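Student: Before we begin, I should like to learn how pockets, cores, helices and unusual backbone angles are read from a model. May we work through one case together?

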Amino acid sequence: MVFSSLSFLVFFLPLSAALYFICRNRIWRNTVLMLASLFFYSWGEPKLLILMIAAALAAYIGGLLIGRTRGGVRKLIYILTLLLLIANLFVFKYLNLISDTFRLSLKEIALPIGISFYTFQILSYVIDLYRGEIKVQKNFFNLLLYVSFFPQLIAGPIVRYQTIEQEITNRRESLSDVAEGLRRFVLGLSKKVLIANQVALVAEHLFASNASGAGAYWLAALAFTLQIYFDFSGYSDMAIGLGRMFGFHFLENFNYPYAAVSVTDFWRRWHISLSSWFRDYVYIPLGGSRRSRGRVILNLLIVWALTGFWHGASWNFLLWGLYFGLVLIFEKFCLARLLKKLPKVLGWLYTMVIVILGWVLFDLTDFSVLGHTLKAMVTFAPTDWRAVLAQDASLLFSVLFLLPAIVFSFPVARRLLRSEKTGAIVLKNFLCIVLLLVCLAMLLGETYNPFIYFRF
């Protein structure tokens, strides 16, 4: 079940919210949220629900033991807990890749939905507990609620336990929170249904077209660049909005990344919860930027190799991660001063070319197709537009959505979205009602509703 499905919008969310607010006791409200979250996950993965519960149980037991022991025993328990959680992620996400690469005769293993997200959340709990930054959670069901909470379960943002540690038991819901949460949810839903789904048709058609040349592939890459942003940031908006409705305050996950003027700036704005996770739990423990130049380069390559593999069990994701790692290293040691002196528009153009090419590496998992596409793009191979349109004349209609997608990639509506003036709130409420009705009408009339991060 995804947020942009009619089953979620018409049945699951209204029923869950009604049951939640009927309850007056915090324990009962948490119980409703936990049961609703487990049902939400089991909708798509009924057999693998036990795997998520087992991972949460391992962290719970490990956390209790970490809290009760000292010295070498405490460190041993901490390491064993981390290894158990990482091994679980490796087996279910990467063992198939190892088997295919080395032609091992291993049985195919189903990939649990959202395993990368909930594993990283659990790891943050264990690490922060060992560091003494949070208190041990002695109630298993509260920890399970944190792990399984449906707004951020499938595709993030990666919510650290310390962010909502107090809100699990001491939050206060308000009518203004519910209203703001609903507005944020509808904004995200509109990004997904009205923009991402439409530009996705352009990317999918052109990348698959046999008649494509440089022009068509660059247009496809631009469409995918916009699709993945509105798809993922829209889902993050919906997650943040849903959390707000139930009294939880998640941190922002996107900050207009396509307005960045360097690749370093881009990664400060894109998927902030993942970037900060790798920074705090991998890069800084490795020594960060405080080591020699060679060690810093190695640290960055390790982080970006892991970042690539985190996104998917395919070698193109490793290539994608190393690509950005090398670009960031080059920026850090060679381009930093130049980028500061360049006009911002030139820095933006440079950044967008790098990012768009990066998304081609991300999207195309077949290396032969990837090689052909990149060669056509950089050699400016001619495009037979008549042949492209002959395969699907409706492509022209979908292309029209690229313009509003480009416009709304920038903070053109930031002032209205943040305004708390009465007139602005009335306008936002009216627009949200209209957008929600349009989204529902679109979902009723179409079956094409892809979601890129659904199985990460």
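**Reading a predicted model**

Tutor: The place of H271 is in the loop between α12 and α13. The model is predicted, and H271 offers a starting point for reading backbone angles: its phi is positive, about 45°, although H271 is not a glycine.

Student: What sign does phi have in most residues other than glycine?

Tutor: Most residues other than glycine have a negative phi. H271, with its positive value of about 45°, is therefore worth inspecting, and its relative accessibility is 0%, so H271 counts as buried.

Student: Where does Y256 lie, and what is its phi?

Tutor: Y256 lies in the loop between α11 and α12. Its phi is near 45°, again positive in a residue other than glycine. Y256 has a relative accessible area of 16%; because buried means under 20%, Y256 is classed as buried.

Student: Which residue follows α5, and what is its phi?

Tutor: G132 follows α5, and its phi is positive, near 80°. The helix itself, residues 115–131, has 17 residues and reaches 24 Å from its first C-alpha to its last, close to the 24 Å expected at 1.5 Å a residue. As for exposure, α5 is mostly covered, with 15 of its 17 residues buried.

Student: How many residues has α16, and what span does it reach?

Tutor: Helix α16, residues 344–363, has 20 residues and reaches 28 Å between its first and last C-alpha, close to the 28 Å expected at 1.5 Å a residue. Its buried residues include G347, T351, M352, W359 and F362. The elements that cover the buried residues of α16 include α10, α11, α12, α14, α15 and α17 (367–379).

Student: What tends to happen to nonpolar side chains in soluble globular proteins?

Tutor: In soluble globular proteins, they tend to be buried together. Here the largest nonpolar core has 135 residues, and those with the most contacts inside it are F3, F8, F40, Y118, W270 and W359. The largest share of this core, 17 residues, comes from α11. F3 illustrates the packing: leaving aside residues up to four places away in sequence, its contacts include F8, F40, F150, F185, Y235 and M238.

Student: What is the volume of the largest pocket, and which residues are the closest to its centre?

Tutor: A pocket can be read by volume, then by lining, then by the elements that supply the lining. The largest pocket has a volume of about 1,200 Å³. It is lined by 38 residues, of which L187, K191, D237, Y256 and L417 are the closest to its centre. The elements giving two or more residues to this lining are α10 (175–208), α11 (214–245), α21 (414–418) and α22 (422–445). The largest share, nine residues, comes from α10. By class, the lining has 21 nonpolar, six polar and eleven charged residues.

Student: Which residues are the closest to the centre of the second largest pocket, and which element gives the most to its lining?

Tutor: The second largest pocket holds about 800 Å³ of space. Of its 24 lining residues, T264, D265, W267, R268 and L328 are the closest to the centre. At least two lining residues come from each of α12 (263–269), α13 (272–283), α14 (293–311) and α15 (315–341). Of these, α13 gives the most, with seven residues. This lining divides into twelve nonpolar, six polar and six charged residues.

Key
Residues are numbered from 1 along each chain as its sequence is written. This is a predicted model: local features need pLDDT of at least 70, side-chain atom pairs count only at pLDDT 80 or more; totals for chains, interfaces and linings use all residues. Side-chain values use heavy atoms; hydrogens and water are left out. On a 1 Å grid over the protein atoms alone, a cavity is a set of points where a 1.4 Å probe fits but cannot get out, and a pocket is an open set with protein on both sides within 12 Å along at least five of seven lines; lining residues have an atom within 4 Å of a point. Grid points are joined across faces, edges and corners, and a volume is the space filled by probe spheres set on the points. Helices (H or I, at least four residues) and strands (E, at least two) are DSSP runs, numbered from the N terminus. Ala, Val, Leu, Ile, Met, Phe, Trp, Tyr, Cys and Pro count as nonpolar, Asp, Glu, Lys and Arg as charged, and the others, Gly among them, as polar. A nonpolar core is a set of buried Ala, Val, Leu, Ile, Met, Phe, Trp, Tyr and Cys residues joined through side-chain atoms within 4.5 Å. Buried means under 20% relative accessible area, exposed over 50%, partly exposed in between (1.4 Å probe, protein chains only). Contact means heavy atoms within 4.5 Å. The expected span of a helix is 1.5 Å times one less than its number of residues.
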